[in-house]
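Trainee: I've got a fresh model open on my screen and I'd like to find my way around it. Can we go through it together?

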Amino acid sequence: MAVNQAKPIKDLGEVRKLIKEHKRNDFIFAAVGMFVIASLTITLVILFLDLFFDGYPRFGIDFFTSYPSRKAIQAGILSAWVGSSLVLLVTFLVAVPLGIAAGVYLEEYAKKNWLSDLIEINVSNLAGVPSIIYGLLALGLFVYSFDLGQSILTAGLTLALLMLPIVIVSTREAIRAIPVHIREAAFAVGATKWQVVLNHVIPYSYGGILTGVIIGMARAIGETAPVITIGALTFIAFLPPSPVGAEIPFVNFDWLESGFTVLPIQMFNWISRPQYEFHVNAAAVGAVIIILTAIMNGFAIKLRYNVRKKIKW
Amino acid sequence: MATKVMQDLVISPELAKNFRRNFTEKIIEFGLLFSAVFAVFITTAIVYVLVSEAIPFFQHVSIYEFLTDTVWTPNYSIKRYGILALISGTLTTTFIALLVAVPLGTITAIYLSEFASHKVRETIKPILELLVGVPTVVFGYFALMLVTPLLQKIYPDLTTFNMLGPGIVMGIMIVPYIASVSEDAMRAVPMAMREGAYAMGATRFQTAIKVIAPAATSGIVASYILAISRAVGETMIVAVAAGQQPNFTFNPVESAATITAYIVSVALGDLEHGGIGYQSIFAAGLTLLVMTLMLNILGHWVRKKYAERY
């Protein structure tokens, strides 16, 4: 680094001046950095507060127990939160086993060959595909080719595809942190590969996997574009059939084929209306969504922190 | 064990158990392999669905017209499909977002990696992660209801739907992506390089700008490319706040639809399966996929090619 070669330094005063100057630059950058981070934080706080203050008049039990309505003041999010829960149930049941299995395969079983390279490239690529493309995939494949219609099942599967790369990546990272000697110890007492995975690898990487699952679910709650693209209705004033029945066999799967709406679509619908009253509703749903995602993300961050602190091999 | 089998000439229970065990192991491995191959299946399905629905569209509209025309009017009596009208909106909002996100993200990354104490870093990073977790439809509300009205106070001619407000909000949304990837790249620079610079009498700022940032260039550039890819594919912010009317313009105070916003606006209406309107969203989606795919490959290439080895 030929920083000062250009101008030879003559006396001590000049050196002191130079040092002072550079220290000042240091201080200025630190101040700028703190300012930038503070403004990002403040933006986040304003975002939260804006939603809460705008939506404040609508907070109450009625909001959660009413169907959407043409009258803004009577409208609620009953069908939206029930729809969101059922869609996420499908997403969870599909994405979590599939994602963990894929992650386990890539870390524990895959040999270094073209197939595992191909899978790996695909996983990292899928994480970079815009979510609306998944919506188009679902529209062409699930809605029309498989004829599943614009149902809870379609939406759940779509969000599962979206969530899959997140689960795979976090599973792999968690598994990679387990030292080889744990596996060797298990193999030494005669365990098979699957026994090692099931009794050691998965339990020890549980925290990391759970973190990824929660972050993925939080993303799925707020994901709007793919669900709109499959053509989900926005005005739903009914509930899907109950998944739990009073008669044998106590469960039914009719709800999978039901039409639905979800929280972010309800919010988008209300933002798109010109009337101010609906914007209040939109803010209230937004507050609900943002509380849910913030709680989930916060929990995931805390969990990861704890896992990192606790594990000492 | 083997001798025992030969003596008895019957399969011993242990061997039978072994066989069963190995068989189960194989089945399980196969199941796991299937799950992993599923990722390849999804990619194939995406490409297949987009291409197969876009082919009939391109039989109607020539690819040349699609790529060069600047008017997109699928709902008018004279239908014209010039994707440039949508790409202009996409590029303008992306550009505004980058103007916001690149300086803020880079400064945040340098501060966190080189200036912040361990405690400060551990406090700031979760805040950035919470920012990543905010659903985009909420950011859309923020752009439409808060940022645009604020901008209208400074610039009263601004329309309700414009590209400036959503562009700025999108920039705030992608700051954490740039910050976290760049910070990882800078933290990966070996401590010895910092110590060398400090030993020569460099300040933190000098070390960060003249030693660490050049050494981490590949990671920093890759983070910018990732950010562009996010901004290009971002849907809800622009669909809510930038309007859904295709408009060939690069003027940020005007309203214009992006590729993603067009797909949403068509999906909100009645879709006639197999009609040209239905096919047009797949052609638009294919364009979007090609754009993001090229960006992702470029980012991957930059990281590989220009990575410094120590």
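Mentor: Sure. Before we read off the order of elements, one term: helices (H or I, at least four residues) and strands (E, at least two) are DSSP runs, numbered from the N terminus. And keep in mind that this is a predicted model.

Trainee: Good. What is the order of elements in chain A, from the N terminus on?

Mentor: Start with the tally: chain A has 12 helices and 0 strands. With no strands to place, the run from the N terminus reads α-α-α-α-α-α-α-α-α-α-α-α.

Trainee: Which element of chain A has the highest mean pLDDT?

Mentor: For the chain overall, the mean pLDDT is 84, and 89% of the residues reach 70 or more. Among the elements, helix α2 (residues 61-65) of chain A sits at the bottom with a mean of 75. At the other end, with 91, is helix α6 (residues 152-176) of chain A.

Trainee: How many residues of α11(A) are buried?

Mentor: As background, buried residues make up 44% of the 313 residues in chain A. Helix α11 (residues 263-272) is mostly covered, and its buried residues include A:Leu263, A:Phe268 and A:Trp270. They pack against α3, α9, α10 and α12 of chain A, together with α6 and α11 of chain B. The count is 9 of its 10 residues.

Trainee: And how many buried residues does helix α7 of chain A have?

Mentor: Helix α7 (residues 180-188) of chain A is hardly covered. Just so you can find its end, α7(A) is followed by A:Gly190, whose phi is positive, near 95 degrees. Among its 9 residues, the count of buried ones is 0.

Trainee: Which helix gives the most to the side of chain A that touches chain B?

Mentor: First the contact itself: 66 residues of chain A meet 71 residues of chain B. By class, the chain A side has 43 nonpolar, 19 polar and 4 charged residues. The top contributor, with 16 residues, is helix α1 (residues 12-55) of chain A.

Trainee: What span does α1(A) reach from its first C-alpha to its last?

Mentor: It has 44 residues, and at 1.5 Å a residue the expected span is 64 Å. The model comes out close to that expectation, at 64 Å.

Trainee: Which elements of chain B help cover the buried residues of α1(A)?

Mentor: The buried residues of α1(A) include A:Phe29, A:Gly33, A:Val36, A:Ile37 and A:Leu40. An α-helix has 3.6 residues a turn, so residues three or four places apart point the same way. The cover includes α12 of chain A and, from chain B, α4, α5, α6, α7 and α9.

Trainee: How far apart are the centres of the two domains of chain A?

Mentor: The domain assignment gives domain 1 (11-58) and domain 2 (60-310). Between them, 7 residues of domain 1 are in contact with 9 residues of domain 2. Taken over C-alpha atoms, the centres of these chain A domains are separated by 36 Å.

Trainee: What's the matching distance for chain B?

Mentor: Chain B is divided into domain 1 (15-60) and domain 2 (84-305). The contact takes 8 residues from domain 1 of chain B and 8 residues from domain 2 of chain B. Their C-alpha centres lie 33 Å apart.

Trainee: Why does B:Ser35 count as buried?

Mentor: B:Ser35 lies in helix α2 (residues 13-60) of chain B. Leaving aside neighbours within four places in sequence, B:Ser35 is in contact with A:Leu98, A:Ala101, A:Ala102 and A:Tyr105. A residue is buried if 20 or more other C-beta atoms lie within 10 Å of its own. B:Ser35 is buried because its count within 10 Å is 21.

Trainee: Last one: how far is B:Ser88 from B:Ala257 in space?

Mentor: B:Ser88 lies in helix α4 of chain B and is buried, with 22 other C-beta atoms within 10 Å. Leaving aside neighbours within four places in sequence, its contacts are B:Phe248, B:Thr249, B:Phe250 and B:Ala256. B:Ser88 and B:Ala257 are 169 residues apart in sequence, yet C-alpha to C-alpha the distance is 8.7 Å.

Definitions and conventions
Residues are numbered from 1 along each chain as its sequence is written. Chains are lettered from A and ligands numbered from 1 in the order in which they are written. This is a predicted model: local features need pLDDT of at least 70, side-chain atom pairs count only at pLDDT 80 or more; totals for chains, interfaces and linings use all residues. Two residues are in contact if their C-beta atoms, placed from the backbone, lie within 7 Å. Ala, Val, Leu, Ile, Met, Phe, Trp, Tyr, Cys and Pro count as nonpolar, Asp, Glu, Lys and Arg as charged, and the others, Gly among them, as polar. A residue is buried if 20 or more other C-beta atoms lie within 10 Å of its own, exposed if 12 or fewer, and partly exposed in between; C-beta atoms are placed from the backbone. Domain bounds come from an automatic or database domain assignment. pLDDT is the predictor's confidence in each residue, from 0 to 100. The expected span of a helix is 1.5 Å times one less than its number of residues.
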